Amino acid sequence: MEWKVGAGKVLVCMSDLEKAAKYPEGKAFYQSVIDYMRSADFNPSAEITVDELKKKLAEKPRQVSLKELNNISQY
């Protein structure tokens with residue numbers, strides 16, 4: 001998720017990037033996120049206020065039940 005908030009920008013990544021960075025593909029993903037945030041492409045079109053952002057970050061995640069999970073990773 002990404003938004004313009006006041007004069008700044010915020011990106012929320014739900015992955016544990018530090019944990020993922022222990023693996024080559026996780027390290028590449030982490031670096032891709034950083035590179036994206038430093039690029040001109042990181043220009044969120046949606047705007048929210050600081051109060052709206054705080055509210056979103058405090059919301060409990062909705063419960064989802066998966067019927068099947070097919071993970072081809074060895075991790």
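Two strands are said to pair if DSSP finds at least two bridges between them. With that in mind, a good place to start in this predicted model is strand E1, which covers residues 2-5. E1 pairs with strand E2 (residues 8-11) in the antiparallel sense, over four bridges, and Glu 2 is found opposite Leu 11 in E2. Two residues lie between E1 and E2, which together form a hairpin. In the turn, Gly 6 has a positive phi of about 60°.

E1 also has a partner in strand E3 (residues 47-48): the two run parallel and are joined by two bridges. Here Lys 4 stands opposite Glu 47 in E3.

The two faces of E1 are worth a look in turn. In a regular strand, side chains alternate between the two faces of the sheet. In E1, Trp 3 and Val 5 make up the covered face, while Glu 2 and Lys 4 make up the uncovered one. Trp 3 and Val 5 also belong to the largest nonpolar core, a set of five residues completed by Val 12, Ile 48 and Leu 53. Nonpolar side chains in soluble globular proteins tend to be buried together. With neighbours within four places in sequence left aside, Val 12 is in contact with Met 1, Trp 3 and Leu 57.

The surface offers another nonpolar grouping. Val 64, Leu 66 and Leu 69 make a nonpolar surface patch of about 350 Å². Leu 66 sits in the segment after helix H3 (50-58). Leu 66 counts as exposed because its relative accessibility is 60%, and exposed means over 50%.

Technical notes: Residues numbered from 1 in each chain as written. Predicted model: local features only at pLDDT ≥ 70, side-chain atom pairs only at ≥ 80, totals over all residues. Heavy atoms only, no water. Patch = residues over 30% accessible without salt bridge, like charges linked within 9 Å, V, L, I, M, F, W, Y side chains within 5 Å. Areas by Shrake-Rupley, 256 points an atom, 1.4 Å probe, with all protein chains shown as cover. Salt bridge = Lys/Arg side-chain N within 4 Å of Asp/Glu carboxyl O. Buried < 20%, exposed > 50% of the residue type's maximum accessible area, 1.4 Å probe, protein only. Core = buried A, V, L, I, M, F, W, Y, C linked by side-chain atoms within 4.5 Å. Contact = heavy atoms within 4.5 Å.
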